[in-house]
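Subject: A structure for you to look at

Hi,

Here is the structure I promised to pass on. Have a look around first, then read my notes below with the viewer open.

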Amino acid sequence: MISKPLILAVDMHGCPNRCKHCWNGHMPNREMEEDADIWLVNYFKPYFNSITYYSWLREPDYCDDYTQRWSRDNQISVNATPERFELASFWRIVRDPNYVAFLKEVGVHKVQLTFFGMEEMTDKYTGRKGAFKELLDATEILIANQIAPRWQAFINEENKGEIVQLLDLVDTLRLKERCSLFQEDFKFFVHSGSCDGENRKLYDVRIEKKHIPEVLIPYYMDYEKVLTERKCCYLLMNDTSNMVYYNEDSIVLNISNTYDVYFNFTHMSEEWKIGNLKIDSQEEIIRRIIEEDIPALNLAREITVKELVTKYGNKQSDRAFLIGDYKSYLLNCYLEDEIG
């Protein structure tokens with residue numbers, strides 16, 4: 001038996017959005033078989049003492065029977081209990097009056113809502129018309145039920161002015177004051193996101209550090225650690241280590257609706273695939289997971305960060321990065337060239 005707990009995040013029901021920042025990457029919606037959940041748990045049961053099952057990978061609770069679904073996630077987990085975190089479906093909040101009551105029942109005190117600016121920009125980046133209005137409606141519904149909204153704003157060169165307008169809207173709607181007596185406070189925070197998945201396609205409009213509006217700096221996540229790309233290149237130009245992901249205290253697997261399986265390290269693209277649970281040998285899949293033996297990681301072990309900077313770094317760029325995210329960006333550039 002493997003001592004590390006296993007966490008399975010499964011795309012059983014899909015997602016209503018096609019967000020341009022999606023960390024996982026876009027994939028088609030497909031309803032998985034009704035017994036897919038127990039099949040997956042049984043697949044890993046002989047090898048792991050602890051298995052936590054989540055029936056969503058993108059939009060939480062994106063199924064009509066979400067109450068029963070959450071109960072089943074708990075029932076089929078092995079020596080473990082799923083958590084709620086601060087994620088919920090704003091799509092469902094505005095369509096189902098019973099949903100917020102369910103969130104309260106399962107102990108949710110805060111819910112994250114993602115913006116990309118004002119109406120037109122948020123609709124564009126969420127991938128469907130009406131998303132911005134739904135986010136505002138969801139905010140009001142959550143407050144009416146004493147659940148604190150968390151407004152997350154993704155910033156880039158295209159929308160930086162609108163993120164300032166969004167901050168003004170926070171004041172106009174008096175969100176901080178209206179949530180001040182809740183168990184959790186209202187929170188507004190800004191960042192440019194990692195450079196994985198769909199967000200990598202936005203590299204050309206990634207915010208430059210000097211263009212981050214001053215009024216947003218107090219709300220910018222880990223601003224004191226944000227570097228320009230040129231600074232990242234300078235700091236890493238002699239780094240002879242390797243950028244290799246590995247599982248620490250637990251193993252988290254992302255499973256697509258076609259049973260492709262990936263480590264929860266970065267986006268779910270072909271170069272990162274461990275295998276397919278329905279097609280590949282079970283023993284081989286488990287071996288790859290335990291030994292972290294997949295082509296992407298093996299290639300990562302063979303190239304230094306210094307070499308990645310030389311091949312892919314832009315030493316003239318002032319785009320804003322956290323240095324860990326930048327190393328991930330460089331590695332994925334290399335892997336796409338080699339495998340993709």
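Let's begin with the aromatic rings: the count of aromatic pairs comes to 24. One of them is Phe115 with Phe132, an edge-to-face pair whose ring centres are 6.0 Å apart, with 80° between the planes. Phe115 belongs to strand β3 (residues 110-115) and Phe132 to helix α6 (residues 131-144), so this pair ties together parts that are 17 residues apart in sequence. Keep in mind as you click through that this is a predicted model.

Are those two rings buried or exposed? Phe115 is buried because its relative accessibility is 0%, and buried means under 20%. Phe132 has 7% relative accessibility, so this ring counts as buried as well.

Rings can also gather in a group. Trp39, Tyr43, Phe44, Phe48 and Tyr259 make up one aromatic cluster. Try selecting Tyr259 from that cluster, and then add Lys278, which lies over the face of Tyr259 at 4.9 Å from the ring centre. Another charge over a ring is found at Phe321: the charged end of Arg206 sits over the ring, 4.1 Å from its centre.

Now for the outside. Which residues form a nonpolar patch on the surface? They are Tyr234, Leu235 and Met237, and together they have about 320 Å² of accessible area. Leu235 is part of helix α9 (residues 229-236). With a relative accessible area of 44%, Leu235 is partly exposed, because that value falls between the 20% limit for buried and the 50% limit for exposed.

On to the charged side chains. How many salt bridges are there? The count comes to 27. Here are three that you can find in the viewer.

The first to try is Lys133 with Asp137, where the closest N and O atoms are 3.0 Å apart. Both residues sit in helix α6, and because they are four residues apart, about one helical turn separates them. Asp137 is partly exposed, at 30% relative accessibility.

Next, look at Glu184 and Arg150, whose side chains meet in a salt bridge at 3.0 Å, N to O. Glu184 is in the loop between α8 (175-178) and β5 (187-191), while Arg150 is in strand β4 (residues 148-154), so the pair ties together parts that are 34 residues apart in sequence. The two ends have their own surroundings: Glu184 is partly exposed at 24% relative accessibility, whereas Arg150 is buried, with a relative accessible area of 9%.

Then there is Glu336 with Arg200, a salt bridge of 2.4 Å, N to O. This pair links distant parts of the chain, with Glu336 in helix α13 (residues 323-338) and Arg200 in the loop between β5 and β6 (227-228), 136 residues apart. Glu336 counts as partly exposed at 33% relative accessibility, but Arg200 counts as buried at 13%.

Finally, some salt bridges share partners: Glu284, Arg287, Arg288, Glu291 and Asp293 are joined that way into one network.

If you'd like a short tour, go from the Phe115 and Phe132 pair to the patch that includes Leu235, and end at the network that includes Arg287 and Arg288.

Happy exploring!

Note on methods: Residues are numbered from 1 along each chain as its sequence is written. This is a predicted model: local features need pLDDT of at least 70, side-chain atom pairs count only at pLDDT 80 or more; totals for chains, interfaces and linings use all residues. Side-chain values use heavy atoms; hydrogens and water are left out. Rings of Phe, Tyr and Trp (its six-membered ring) pair if their centres lie within 6.5 Å; planes under 30 degrees apart count as stacked, over 60 as edge-to-face and the rest as tilted. Helices (H or I, at least four residues) and strands (E, at least two) are DSSP runs, numbered from the N terminus. Buried means under 20% relative accessible area, exposed over 50%, partly exposed in between (1.4 Å probe, protein chains only). A charge sits over a ring if NZ of Lys or CZ of Arg is within 6 Å of the ring centre and within 35 degrees of the ring normal. Patches are made of residues with over 30% relative accessible area and no salt bridge: like charges are joined within 9 Å, nonpolar side chains (Val, Leu, Ile, Met, Phe, Trp, Tyr) within 5 Å. Accessible areas come from the Shrake-Rupley method with a 1.4 Å probe; for residues, only the protein chains shown count as cover. A salt bridge is a side-chain nitrogen of Lys or Arg within 4 Å of a carboxyl oxygen of Asp or Glu.
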